[in-house]
Amino acid sequence: MIGRKLITSATIGLAALLVCSQLFAQADVIQKRQKLMKSNSADAKAIKAAVAKKDYAAVEVKAKDIMGNADKIVAAFPKGSTVGKTKAKPEIWEKPADFARHAESLAKAAGYVADAARAGDDAAVTAKVKTLSDACASCHKVYRAKKYSE
């Protein structure tokens with residue numbers, strides 16, 4: 001009888017430990033992807049400020065940072081990472097190919113900004129920054145909730 005209770009208690013304890021470790025792992029994934037996205041937001045703001053100063057070297061660097069981050073976006077949203085404080089909508093996992101296309105569009109738009117900045121072309125930089133902003137907004141419109149879950 002005591003042996004049975006001990007085994008049952010150990011099993012329940014192990015199950016609780018596994019559930020907790022999964023929740024902590026998901027929280028870590030969510031924190032990492034939020035850091036990635038906040039980095040993109042900070043880079044976009046820096047681009048806007050650098051454009052106003054016509055500091056095209058800074059624009060190019062920040063655009064390249066966004067390009068690098070764009071390549072990490074899909075991996076930052078592994079299946080099942082939906083529990084916790086997140087604005088990620090279920091559509092990310094329901095339409096993964098479309099979500100990946102949005103990340104690719106972001107990378108391309110950031111590349112165009114970098115190219116225009118390298119060329120020092122005011123009109124092209126302005127137009128390409130708008131394209132970059134539109135790439136962010138179009139993905140957020142479909143895949144980002146207005147409020148955090150929880």
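This section describes the helices, the largest pocket, the cysteines and one loop residue of a predicted model.

The chain contains five helices and zero strands. Read from the N terminus, its elements follow the order α-α-α-α-α. Of the 150 residues of the chain, 29% are classed as buried.

Three of the helices were examined for their span. Helix H2 covers residues 56-70, and its 15 residues should span 21 Å at 1.5 Å a residue; the end C-alpha atoms lie 21 Å apart, in agreement with that expectation. The buried residues of H2 are Tyr56, Val59, Glu60, Ala63, Ile66, Asn69 and Ala70. Helix H4 (96-119) has 24 residues and reaches 35 Å from its first C-alpha to its last, close to the 34 Å expected at 1.5 Å a residue. Gly120 follows H4 and has a positive phi, near 70°.

Helix H5 (122-143) shows a similar treatment of length and, in addition, a sided distribution of its buried residues. Its 22 residues should span 32 Å at 1.5 Å a residue, and the end C-alpha atoms are 32 Å apart, which agrees. Within H5, the buried residues are Val125, Leu132, Ala135, Cys139 and Tyr143. Viewed down the axis of H5, these buried residues fall within an arc of 80°, and they therefore line one face of the helix. The face of H5 turned away from this buried side carries the exposed residues Ala123, Lys130 and Lys141. In general, an α-helix has 3.6 residues a turn, so residues three or four places apart point the same way.

The largest pocket has a volume of about 730 Å³. It is lined by 29 residues, of which Met37, Asn40, Ser41, His140 and Arg144 are the closest to its centre. Helix H1 (2-53), H4 and H5 each supply at least two residues of this lining. The largest share comes from H1, which contributes nine residues. By residue class, the lining of the largest pocket divides into 17 nonpolar, seven polar and five charged residues.

The cysteines were considered next. The count of disulfides comes to zero. For Cys136, the closest cysteine sulfur is that of Cys139, at 8.3 Å; a disulfide requires sulfur atoms within 2.5 Å, so this separation is too far for a bond. Cys139 gives the corresponding result, because its closest cysteine sulfur, in Cys136, is likewise 8.3 Å away and too far for a bond. The two residues also fall into separate accessibility classes. Cys136 has a relative accessibility of 26% and therefore counts as partly exposed, whereas Cys139, with a relative accessible area of 14%, is buried.

Outside the helices, Lys79 lies in the loop between H2 and helix H3 (91-94). Its relative accessibility is 75%; the threshold for an exposed residue is over 50%, so Lys79 counts as exposed. Lys79 and Pro90 are eleven residues apart in sequence, and their C-alpha atoms are 9.8 Å apart in space.

Note on methods. Residues are numbered from 1 along each chain as its sequence is written. This is a predicted model: local features need pLDDT of at least 70, side-chain atom pairs count only at pLDDT 80 or more; totals for chains, interfaces and linings use all residues. Side-chain values use heavy atoms; hydrogens and water are left out. On a 1 Å grid over the protein atoms alone, a cavity is a set of points where a 1.4 Å probe fits but cannot get out, and a pocket is an open set with protein on both sides within 12 Å along at least five of seven lines; lining residues have an atom within 4 Å of a point. Grid points are joined across faces, edges and corners, and a volume is the space filled by probe spheres set on the points. Helices (H or I, at least four residues) and strands (E, at least two) are DSSP runs, numbered from the N terminus. Ala, Val, Leu, Ile, Met, Phe, Trp, Tyr, Cys and Pro count as nonpolar, Asp, Glu, Lys and Arg as charged, and the others, Gly among them, as polar. Buried means under 20% relative accessible area, exposed over 50%, partly exposed in between (1.4 Å probe, protein chains only). The expected span of a helix is 1.5 Å times one less than its number of residues. The arc is that of the directions from the helix axis to the C-beta atoms.
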